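Visitor: Could you walk me through one part of this structure up close? I'd like to look at the surroundings of the ligand, and then see what else you'd point out from there.

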Amino acid sequence: MLLRSPPRRLHLLRPHHLRVLSNAAAALATPPPAPTEWTEAPVSAVRAATPDASLFHVSLDLSSHPSLLASHLAAGQFLPFRLPSAPYPIFLAISSPPPASSALPKSFDFLVKRLPGTPSARLCDLCPGDLVGVGGSVVGRGFEVGRISDAREVLVFATGSGISPIRSLIESGFGENENIDVSLFYGARNLQRMAYQERFDDWESRGIKIVPVLSRPDDQWTGQRGYVQNAFSRTKKVVNPSSMGAILCGHKQMSEEITRALVADGMSIDKILTNF
Ligand SMILES: Cc1cc2nc3c(=O)[nH]c(=O)nc-3n(C[C@H](O)[C@H](O)[C@H](O)COP(=O)(O)OP(=O)(O)OC[C@H]3O[C@@H](n4cnc5c(N)ncnc54)[C@H](O)[C@@H]3O)c2cc1C
């Protein structure tokens, strides 16, 4: 039966839901451990990814690092970076898809938010050929899509640079099975800050329904406004938790609010995937 989901009320959550949510929040707040092995690789491309240059595409030439390339097994995994004169490492999700067994790529792509005064800005200021310190292997479990292999409908929520591992997921073939219906709620401040717009046609041809959501659009914008969680509440008419899954990446508050809403609607926390 098709049902409009009821208003999401926090008091409907049971104690075990709250325990799970607070564990998830604690996990989000803890950075991954720094690697013990480091290596160096040249940057092969650096260019603005958005019209306002708040996000950058960065590619690493890993042709001399076959074992590092081969350690990328799942969309959502990330790589630690040690930037010149930076006091601490940063972690960046790999935006290119994991290699198909037949063709090993020679590089990893990243989508980097350029935060002035931080290591991420130093990375965006490098030139092709510059060497950068990176972990000796890819880190994290990625999105454990096996946990939602029986889902008929998957809701994907991404904000800001959180779209990076979602690109990896989509371009690795997730959603191409015609038995699965995938909707991507993708939030950004405005179109000047929204990366990968040039890939939307390709993603749609792979079976992804894209719902762009702008929190501060200009007057011409006729699409969804606000945050992805607002757009989801407004547009979603069917919630059939037993045949659904969700994948989240981006803003911590977004992840927490969406998780709360889906759990309140009856979705098992095991069916809500994150990469960290
Ligand atoms: C799994 C994962 C994937 C990510 N993927 C992406 C991505 O694809 N694209 C993207 O743009 N960003 C990504 N990020 C965020 C990125 O790693 C940085 O957090 C971001 O660039 C902000 O960096 P920051 O310098 O403000 O410091 P943060 O790493 O956010 O830390 C906040 C502050 O804590 C202090 N601090 C941090 N680490 C240390 C340390 N080891 N020792 C002492 N002090 C410390 C610093 O004062 C720092 O300013 C990801 C983060 C994680 C954890």
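Guide: Sorted by class, the shell around the ligand holds 14 nonpolar residues, four polar ones and one charged one. Keep in mind that this is a predicted model. Of the 19 residues around the ligand, the ones that come nearest are Tyr88, Ala93, Lys113, Thr118 and Ser120. As for where the shell comes from, at least two residues each are supplied by strand 4 (90-93), strand 5 (107-113) and helix 3 (119-124).

Strand 5 runs over residues 107-113, and that's a handy bridge to the core, because Val112 is among the residues with the most contacts inside the largest nonpolar core. That core has 66 residues, and Val154, Val156, Phe157, Phe185 and Ala246 are also on its list of best-connected members. Helix 7 (residues 252-264) gives the most to it, six residues, and the core draws at least three residues from each of domain 1 (10-28 + 143-273) and domain 2 (38-135). Zoom in on Phe157: leaving aside neighbours within four places in sequence, Phe157 is in contact with Phe185, Val228, Ala246, Leu248, Met254 and Ile258.

Helix 4 (residues 163-171) is mostly covered too, with eight of its nine residues buried. Ile163, Arg167 and Ile170 are among the buried ones. Just after this helix, Gly173 takes a positive phi of about 110°.

For a contrast, try Pro66, which is found in helix 2 (residues 66-70). Pro66 counts as exposed because it has 11 C-beta neighbours inside 10 Å, and the cut-off for exposed is 12 or fewer.

Definitions and conventions:
Residues are numbered from 1 along each chain as its sequence is written. This is a predicted model: local features need pLDDT of at least 70, side-chain atom pairs count only at pLDDT 80 or more; totals for chains, interfaces and linings use all residues. A residue is buried if 20 or more other C-beta atoms lie within 10 Å of its own, exposed if 12 or fewer, and partly exposed in between; C-beta atoms are placed from the backbone. Helices (H or I, at least four residues) and strands (E, at least two) are DSSP runs, numbered from the N terminus. A residue is near a molecule or strand if its C-beta atom, placed from the backbone, lies within 6 Å of it. Ala, Val, Leu, Ile, Met, Phe, Trp, Tyr, Cys and Pro count as nonpolar, Asp, Glu, Lys and Arg as charged, and the others, Gly among them, as polar. A nonpolar core is a set of buried Ala, Val, Leu, Ile, Met, Phe, Trp, Tyr and Cys residues joined through C-beta atoms within 7 Å. Domain bounds come from an automatic or database domain assignment. Two residues are in contact if their C-beta atoms, placed from the backbone, lie within 7 Å.
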